[in-house]
Amino acid sequence: MLKDEIHLQHENEIEIIKLNSFQPRFKWSKCDISDIGQFELFDNQKSRIYKIDPSMGLLLKEFLNGKVCFQGINNHFKIAKIISNGNSSSIVRMRHLQNEELVTCKIYKQGRSELEQEFRNEVLALQLLKHKNLPKIREYYIEANHNYIIYDLFEGHPLDICIKNNILDDQQMIHIMKELLKVVQFMKMEGYSHQNIKLENIYYYSLMSQITLIDFGKSLFKNQSVTAGDSYFSKTTKDNSELNTQTCLNTYPDKDYFDCGLIFIQMITKKIVNYKDIHYSDDNNIIMGLIAEIHNQKISTFLMKLLSQNKGSDKYNFSENLLTEIDDLNFEITNYTNN
């Protein structure tokens, strides 16, 4: 998926263009009869222009989507709505200029190496991970001041907004818990760890009972055993191409389950914590205080199991039993939320 090539043939001449995620870059140009009539290829600071049959151009663009980066996003999309605005990135809804289709876009600022690395981590992770609860990447753009990732449209609101507005009932909470654990188990099977699961990175669309886990900028690909406290991970893709990773000072191989436990605590208690005050340990005073407020032995035991599971020896059965245990908690959570 991350490495491929295209063959361009004209009469008896064949040119092979190697594709490797962030190189080369393509810029589509218009002609009189189609949105795609030629393209300009930027590779190793060289520029070449190719004319192409419009129908073949559309097929080529479909093939390239999500594999290489493009240029000239303003020629294809315009911002329709700002969803969230952060210090380093924003999520917006964009409209395609030609067919009016709506898509979701994440915009990264440029200028800091860690932001560039998060952008690359996200693109590479979502090129590999295909799941109904993850954003589906279409294409990405590297421009002068910002980097852009275009996804299929996903809707809903972040879980912190849902909790603040008290719009989640007990059955919705149980559904979200199960769906989140399923996607974490999927990522684990694929060798990935998200490392940044928190309320604002989970979008819930109540009309479709759909969650979408976003923000893979800090994700790790785990093709080797990693122990808690490691300060750097050398990651390799499935085709053995290196990923340039940032230094991770607080990264753990099973942090995703810990983060799920913290998500569930906040949904059940309807209290949002400041993540800056939370540390990856099962003796955190803030977390223990919230669990103590629940006053339900079965719920508390399940949450503690998630928070401390990285210390368990039978990790396979641990993950297999989680969904069954949530079903068993259905009655307990309903009683708790109704009291």
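The following exchange covers helix packing and cavities in a predicted model.

Biologist: How are α4 and α5 oriented relative to each other, parallel or antiparallel?
Modeller: Their axes lie 11 Å apart and pack at an angle of about 170°. Angles over 145 degrees count as roughly antiparallel. So α4 and α5 are roughly antiparallel.

Biologist: How do the residues of the contact of α4 with α5 divide by class?
Modeller: The α4 side includes Met 173, Ile 176, Met 177, Leu 180, Leu 181 and Val 184. From α5 come Asp 256, Tyr 257, Cys 260, Ile 263, Phe 264, Met 267 and Ile 268. The division is 13 nonpolar, 1 polar and 2 charged.

Biologist: Which term describes α4 relative to α9?
Modeller: Helix α4 spans residues 170-189, and helix α9 spans residues 330-338. Their axes come within 9 Å and cross at roughly 135°. That angle is why α4 is, relative to α9, oblique.

Biologist: Is the crossing of α4 and α9 left-handed or right-handed?
Modeller: Asp 170, Gln 171, Met 173, Ile 174 and Met 177 of α4 take part in the contact. They meet Asn 330, Ile 333, Thr 334 and Thr 337 of α9. By class, this contact has 4 nonpolar, 4 polar and 1 charged residues. The crossing is right-handed.

Biologist: What is the relation of α5 to α6?
Modeller: Helix α6 covers residues 285-294. The axes of α5 and α6 come within 10 Å and cross at roughly 45°. The pair is therefore oblique.

Biologist: How many charged residues are in the contact of α5 with α6?
Modeller: α5 passes α6 in a left-handed crossing. Phe 258, Leu 262, Ile 265, Ile 268 and Thr 269 in α5 meet four named partners in α6: Ile 287, Leu 290, Ile 291 and Ile 294. The contact divides into 8 nonpolar and 1 polar, and the charged count is none.

Biologist: What is the volume of the largest cavity?
Modeller: The structure holds 3 cavities of 30 Å³ or more. The second largest has about 50 Å³ of space. The largest has a volume of about 60 Å³.

Biologist: Which element supplies the largest share of the lining of the largest cavity?
Modeller: The lining includes Val 184, Met 187, Lys 188, Tyr 192, Ser 193, Asp 256 and Tyr 257. At least two lining residues each come from α4, β13 (192-193) and α5 (255-269). The largest share, 3 residues, comes from α4.

Biologist: How many charged residues are in the lining of the largest cavity?
Modeller: Lys 188, Lys 222, Asp 254 and Asp 256 are among the lining residues. Asp and Lys count as charged. The lining also has 5 nonpolar residues and 1 polar one, and the charged count is 4.

Biologist: How many nonpolar residues line the second largest cavity?
Modeller: Its lining consists of Cys 162, Ile 163, Asn 166, Ile 167, Leu 168, Met 173, Met 267 and Lys 270. Of these, 1 is polar and 1 is charged, and the nonpolar count is 6.

Biologist: Which α5 residue in the contact with α4 also lines the second largest cavity?
Modeller: Met 173 of α4 and Met 267 of α5 both belong to the contact of the two helices. Both names recur in the lining of the second largest cavity. From α5, the residue is Met 267.

Note on methods:
Residues numbered from 1 in each chain as written. Predicted model: local features only at pLDDT ≥ 70, side-chain atom pairs only at ≥ 80, totals over all residues. Heavy atoms only, no water. Axes fitted to C-alpha atoms, helices over the stretch in contact; angles between N-to-C directions. Parallel < 35°, antiparallel > 145°, perpendicular 65-115°, else oblique. Left-handed = near helix turned anticlockwise from the far one by under 90°. Contact = heavy atoms within 4.5 Å. 1 Å grid on protein atoms, 1.4 Å probe; cavity = no way out; pocket = protein on both sides within 12 Å on 5 of 7 lines; lining within 4 Å. Points joined across faces, edges and corners; volume = space filled by probe spheres on them.
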